[in-house]
Amino acid sequence: MEDNNDRIRIKIILGSVRNGRFGERPAGWINDELKNWNGVEAELLDLKDYPMPFFDSAMSPSMLGKKYPNETVQKWSNKIDEADAYVIVSPEYNHGYSSVLKNALDWLSPEWSRKPVGFVSYGSASGARAIEQLRQVAIELNMVPIRKSIHLNWEFIMKSWSNKDISNAELFAPVRKDMGPDHLADFVAELLWMAKTLRAAR
Ligand SMILES: Cc1cc2nc3c(=O)[nH]c(=O)nc-3n(C[C@H](O)[C@H](O)[C@H](O)COP(=O)(O)O)c2cc1C
(Lines give C-alpha, C1' and ligand atoms only; values in the text may rest on other atoms or scores of the structure.)
Protein backbone atom coordinates (compact mmCIF):
# COMPACT_ATOMS: atom_id res chain seq x y z
CA MET A 1 0.00 0.00 0.00
CA GLU A 2 1.20 3.51 -0.79
CA ASP A 3 2.40 5.53 2.16
CA ASN A 4 1.40 9.21 1.92
CA ASN A 5 4.94 10.17 2.93
CA ASP A 6 6.25 8.47 -0.22
CA ARG A 7 4.18 10.71 -2.45
CA ILE A 8 6.08 13.37 -4.35
CA ARG A 9 4.93 16.81 -3.26
CA ILE A 10 4.62 19.10 -6.26
CA LYS A 11 3.86 22.79 -5.85
CA ILE A 12 2.40 24.50 -8.91
CA ILE A 13 3.28 28.19 -8.89
CA LEU A 14 1.03 30.55 -10.80
CA GLY A 15 3.25 33.40 -11.98
CA SER A 16 0.61 35.94 -13.04
CA VAL A 17 -1.41 38.10 -10.65
CA ARG A 18 -2.92 40.22 -13.46
CA ASN A 19 -6.65 40.95 -13.39
CA GLY A 20 -8.32 38.68 -15.94
CA ARG A 21 -5.18 36.54 -16.23
CA PHE A 22 -5.17 33.54 -18.55
CA GLY A 23 -2.64 31.84 -16.24
CA GLU A 24 -5.38 30.48 -13.99
CA ARG A 25 -6.40 28.16 -16.82
CA PRO A 26 -3.12 26.24 -17.33
CA ALA A 27 -2.27 26.35 -13.60
CA GLY A 28 -5.70 24.98 -12.66
CA TRP A 29 -5.47 22.33 -15.34
CA ILE A 30 -2.01 21.10 -14.24
CA ASN A 31 -3.15 21.10 -10.61
CA ASP A 32 -6.25 19.02 -11.43
CA GLU A 33 -4.19 16.57 -13.48
CA LEU A 34 -1.50 16.20 -10.82
CA LYS A 35 -4.00 15.80 -7.99
CA ASN A 36 -5.12 12.58 -9.69
CA TRP A 37 -1.61 11.40 -10.57
CA ASN A 38 -0.41 8.22 -8.97
CA GLY A 39 2.19 8.94 -6.28
CA VAL A 40 1.74 12.71 -6.36
CA GLU A 41 0.48 15.25 -3.84
CA ALA A 42 -0.20 18.50 -5.70
CA GLU A 43 -0.92 22.00 -4.46
CA LEU A 44 -1.51 25.18 -6.42
CA LEU A 45 0.26 28.27 -5.05
CA ASP A 46 -1.23 31.49 -6.35
CA LEU A 47 1.09 34.48 -5.91
CA LYS A 48 -2.03 36.58 -5.31
CA ASP A 49 -2.23 34.79 -1.94
CA TYR A 50 1.38 35.76 -1.13
CA PRO A 51 1.58 39.55 -1.56
CA MET A 52 5.24 39.94 -0.63
CA PRO A 53 7.04 43.29 -0.60
CA PHE A 54 9.62 43.98 -3.29
CA PHE A 55 12.74 42.16 -2.24
CA ASP A 56 14.47 44.42 0.28
CA SER A 57 16.30 42.05 2.60
CA ALA A 58 19.54 43.44 4.02
CA MET A 59 20.95 39.91 4.13
CA SER A 60 21.02 37.41 1.31
CA PRO A 61 18.31 34.75 1.81
CA SER A 62 21.08 32.17 1.50
CA MET A 63 22.29 33.37 4.93
CA LEU A 64 18.96 33.68 6.73
CA GLY A 65 18.41 30.02 7.63
CA LYS A 66 14.80 30.09 6.32
CA LYS A 67 13.80 32.70 8.92
CA TYR A 68 12.24 35.90 7.58
CA PRO A 69 10.97 38.98 9.41
CA ASN A 70 8.07 39.43 6.98
CA GLU A 71 5.08 37.20 7.81
CA THR A 72 4.02 36.62 4.19
CA VAL A 73 7.56 35.77 3.13
CA GLN A 74 7.76 33.29 6.02
CA LYS A 75 4.48 31.71 4.89
CA TRP A 76 5.88 31.49 1.34
CA SER A 77 9.13 29.97 2.63
CA ASN A 78 7.27 27.31 4.62
CA LYS A 79 5.19 26.32 1.58
CA ILE A 80 8.11 26.21 -0.82
CA ASP A 81 10.16 24.22 1.67
CA GLU A 82 7.52 21.45 1.76
CA ALA A 83 7.99 20.63 -1.92
CA ASP A 84 9.93 17.89 -3.66
CA ALA A 85 9.37 19.51 -7.07
CA TYR A 86 7.87 22.58 -8.71
CA VAL A 87 5.88 23.40 -11.79
CA ILE A 88 6.18 27.08 -12.62
CA VAL A 89 3.38 28.42 -14.81
CA SER A 90 4.62 31.62 -16.41
CA PRO A 91 3.25 34.27 -18.72
CA GLU A 92 5.51 36.17 -21.11
CA TYR A 93 5.59 39.95 -20.69
CA ASN A 94 7.86 42.00 -22.96
CA HIS A 95 10.06 39.04 -23.87
CA GLY A 96 10.51 37.95 -20.23
CA TYR A 97 8.70 36.41 -17.29
CA SER A 98 6.67 38.38 -14.74
CA SER A 99 8.25 40.62 -12.10
CA VAL A 100 6.05 39.13 -9.37
CA LEU A 101 7.52 35.71 -10.13
CA LYS A 102 11.11 36.97 -9.96
CA ASN A 103 10.35 38.61 -6.63
CA ALA A 104 8.91 35.36 -5.26
CA LEU A 105 11.98 33.46 -6.44
CA ASP A 106 14.47 36.01 -5.07
CA TRP A 107 12.99 36.06 -1.58
CA LEU A 108 14.09 32.48 -0.87
CA SER A 109 17.20 30.41 -1.36
CA PRO A 110 17.78 27.04 0.40
CA GLU A 111 14.08 26.17 0.05
CA TRP A 112 14.54 25.78 -3.75
CA SER A 113 17.86 24.01 -3.64
CA ARG A 114 18.46 20.57 -5.20
CA LYS A 115 14.86 20.23 -6.34
CA PRO A 116 13.59 19.87 -9.91
CA VAL A 117 11.41 22.39 -11.71
CA GLY A 118 9.33 22.02 -14.86
CA PHE A 119 7.94 24.97 -16.79
CA VAL A 120 4.57 25.67 -18.37
CA SER A 121 4.26 28.86 -20.41
CA TYR A 122 1.94 30.60 -22.82
CA GLY A 123 1.81 33.68 -25.04
CA SER A 124 2.07 34.73 -28.65
CA ALA A 125 5.53 33.15 -28.74
CA SER A 126 4.20 30.37 -26.48
CA GLY A 127 6.16 31.92 -23.61
CA ALA A 128 9.32 30.17 -24.79
CA ARG A 129 11.55 33.20 -24.30
CA ALA A 130 10.36 33.72 -20.72
CA ILE A 131 11.24 30.10 -19.95
CA GLU A 132 14.74 30.43 -21.41
CA GLN A 133 15.34 33.23 -18.91
CA LEU A 134 13.74 31.32 -16.04
CA ARG A 135 16.05 28.36 -16.65
CA GLN A 136 19.05 30.57 -15.92
CA VAL A 137 17.46 31.85 -12.71
CA ALA A 138 16.58 28.30 -11.63
CA ILE A 139 20.19 27.15 -12.02
CA GLU A 140 21.43 30.05 -9.90
CA LEU A 141 18.96 28.97 -7.19
CA ASN A 142 20.52 25.50 -7.40
CA MET A 143 17.35 23.98 -8.82
CA VAL A 144 17.34 21.32 -11.52
CA PRO A 145 15.28 22.51 -14.51
CA ILE A 146 13.99 19.57 -16.53
CA ARG A 147 14.44 19.57 -20.29
CA LYS A 148 10.80 19.05 -21.21
CA SER A 149 8.43 21.97 -20.88
CA ILE A 150 4.87 22.73 -21.94
CA HIS A 151 4.56 25.75 -24.23
CA LEU A 152 1.02 26.81 -25.06
CA ASN A 153 0.55 28.91 -28.17
CA TRP A 154 -1.81 31.83 -28.73
CA GLU A 155 -4.60 29.52 -29.97
CA PHE A 156 -5.19 28.30 -26.41
CA ILE A 157 -5.65 31.89 -25.19
CA MET A 158 -7.96 32.76 -28.11
CA LYS A 159 -10.02 29.63 -27.56
CA SER A 160 -10.51 30.45 -23.88
CA TRP A 161 -11.61 34.00 -24.80
CA SER A 162 -14.07 32.87 -27.45
CA ASN A 163 -15.47 30.02 -25.35
CA LYS A 164 -15.54 31.01 -21.68
CA ASP A 165 -17.45 27.85 -20.73
CA ILE A 166 -14.89 25.43 -22.13
CA SER A 167 -13.42 23.25 -19.36
CA ASN A 168 -9.69 23.23 -18.73
CA ALA A 169 -9.58 19.52 -19.56
CA GLU A 170 -11.14 20.22 -22.97
CA LEU A 171 -9.11 23.35 -23.65
CA PHE A 172 -5.79 21.62 -23.00
CA ALA A 173 -6.69 18.21 -24.43
CA PRO A 174 -4.38 18.86 -27.44
CA VAL A 175 -1.35 18.78 -25.10
CA ARG A 176 -2.14 15.14 -24.36
CA LYS A 177 -3.16 14.21 -27.90
CA ASP A 178 -1.52 16.41 -30.51
CA MET A 179 1.93 17.35 -29.17
CA GLY A 180 3.37 13.86 -29.59
CA PRO A 181 2.48 10.85 -27.46
CA ASP A 182 0.94 12.50 -24.36
CA HIS A 183 3.27 15.41 -23.77
CA LEU A 184 1.90 15.97 -20.25
CA ALA A 185 2.67 12.38 -19.22
CA ASP A 186 6.23 12.69 -20.57
CA PHE A 187 6.70 15.98 -18.74
CA VAL A 188 5.42 14.60 -15.42
CA ALA A 189 7.41 11.37 -15.76
CA GLU A 190 10.63 13.35 -16.12
CA LEU A 191 9.76 15.65 -13.21
CA LEU A 192 8.97 12.67 -10.96
CA TRP A 193 12.16 10.83 -11.89
CA MET A 194 14.22 13.87 -10.93
CA ALA A 195 12.17 14.51 -7.80
CA LYS A 196 12.56 10.93 -6.52
CA THR A 197 16.27 10.82 -7.33
CA LEU A 198 17.01 14.18 -5.75
CA ARG A 199 14.84 13.51 -2.69
CA ALA A 200 16.75 10.29 -2.01
CA ALA A 201 20.06 12.12 -2.42
CA ARG A 202 19.06 15.09 -0.24
C1 LIG B 1 2.45 43.95 -20.70
C2 LIG B 1 2.32 42.75 -21.60
C3 LIG B 1 3.40 42.37 -22.37
C4 LIG B 1 3.30 41.24 -23.18
N5 LIG B 1 4.41 40.83 -23.88
C6 LIG B 1 4.38 39.63 -24.50
C7 LIG B 1 5.57 39.11 -25.10
O8 LIG B 1 6.63 39.70 -25.08
N9 LIG B 1 5.49 37.88 -25.68
C10 LIG B 1 4.32 37.16 -25.71
O11 LIG B 1 4.33 36.03 -26.21
N12 LIG B 1 3.17 37.64 -25.20
C13 LIG B 1 3.19 38.85 -24.60
N14 LIG B 1 2.04 39.35 -24.02
C15 LIG B 1 0.81 38.59 -24.17
C16 LIG B 1 0.66 37.66 -22.99
O17 LIG B 1 1.38 36.48 -23.21
C18 LIG B 1 -0.80 37.33 -22.77
O19 LIG B 1 -1.48 38.54 -22.53
C20 LIG B 1 -1.00 36.41 -21.60
O21 LIG B 1 -2.37 36.20 -21.46
C22 LIG B 1 -0.43 36.99 -20.32
O23 LIG B 1 -0.56 36.12 -19.23
P24 LIG B 1 -1.64 36.34 -18.06
O25 LIG B 1 -2.94 36.61 -18.78
O26 LIG B 1 -1.67 35.05 -17.31
O27 LIG B 1 -1.18 37.49 -17.24
C28 LIG B 1 2.10 40.49 -23.23
C29 LIG B 1 1.02 40.92 -22.45
C30 LIG B 1 1.12 42.01 -21.63
C31 LIG B 1 -0.05 42.40 -20.77
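## A walk out from strand β4

Pro 116, Gly 118, Val 120 and Tyr 122 point one way from β4, while Val 117, Phe 119 and Ser 121 point the other way, and all of them are buried. That split fits a general pattern: in a regular strand the side chains alternate between the two faces of the sheet. Keep in mind that you're looking at a predicted model. Strand β4 covers residues 116-122, and seven of its seven residues are buried, so wherever you look along β4, the count of other C-beta atoms within 10 Å is 20 or more.

Now let's see what sits beside β4. On one side is strand β3 (residues 85-90), which runs parallel to β4 and is joined to it by five bridges. If you want a spot to check in the viewer, find Ile 88, which stands opposite Phe 119 in β4. To get from β3 to β4, the chain passes through helix α3 (residues 99-106), and this β-α-β crossover is right-handed.

Strand β5 (residues 144-152) also pairs with β4, again in the parallel sense, this time over six bridges. Here the pair to look for is Pro 116 and Val 144, with Val 144 on the β5 side. The connection from β4 to β5 goes through helix α4 (residues 128-140), and this β-α-β crossover is right-handed too.

Zoom out and you have an open sheet of five strands in the order β2-β1-β3-β4-β5, with parallel pairing. Which strands stand at the edges? They are β2 (40-46) and β5; each has a single partner strand, so one side of each is left without a neighbour in the sheet. From one strand to the next, the twist averages 20 degrees. For β2, the pairing is with strand β1 (residues 8-14), parallel and over seven bridges. Within that pairing, Ile 10 has Ala 42 in β2 as its bridge partner.

Next, the helices that lie across the sheet. We've already met α4 as a connector; it also lies across β3, β4 and β5, running at about 160 degrees to β4. Helix α8 (residues 183-201) lies across β1, β3, β4 and β5, and its angle to β5 is about 160 degrees.

The loops have a few details to check if you like backbone torsions. His 95, in the loop between β3 and α3, has a phi near 75 degrees, a positive value in a residue other than glycine. Is His 95 buried or exposed? With 11 other C-beta atoms within 10 Å, His 95 is exposed. Asn 142 belongs to the loop between α4 and β5, and its phi is positive as well, at about 65 degrees, although Asn 142 is not a glycine. Asn 142 has 13 other C-beta atoms within 10 Å, so it is partly exposed.

Lys 48 is another loop residue, found between β2 and α2 (71-82). It counts as partly exposed because it has 13 C-beta neighbours inside 10 Å. Measuring C-alpha to C-alpha, Lys 48 and Val 188 are 25 Å apart in space and 140 residues apart in sequence.

Last stop: the ligand. There are 14 residues around it, and those that come nearest are Ser 16, Arg 21, Gly 23, Pro 91 and Gly 123. Sorted by class, the shell has five nonpolar, six polar and three charged residues.

Technical notes. Residues are numbered from 1 along each chain as its sequence is written. This is a predicted model: local features need pLDDT of at least 70, side-chain atom pairs count only at pLDDT 80 or more; totals for chains, interfaces and linings use all residues. A residue is near a molecule or strand if its C-beta atom, placed from the backbone, lies within 6 Å of it. Ala, Val, Leu, Ile, Met, Phe, Trp, Tyr, Cys and Pro count as nonpolar, Asp, Glu, Lys and Arg as charged, and the others, Gly among them, as polar. A residue is buried if 20 or more other C-beta atoms lie within 10 Å of its own, exposed if 12 or fewer, and partly exposed in between; C-beta atoms are placed from the backbone. Helices (H or I, at least four residues) and strands (E, at least two) are DSSP runs, numbered from the N terminus. Two strands pair if DSSP finds at least two bridges between them. A crossover is right-handed if, with the strands pointing away from the viewer, the path from the first strand over the helix to the second runs clockwise. Axes are lines fitted to C-alpha atoms, for helices over the stretch in contact, and angles run from 0 to 180 degrees between N-to-C directions. Two residues are in contact if their C-beta atoms, placed from the backbone, lie within 7 Å.
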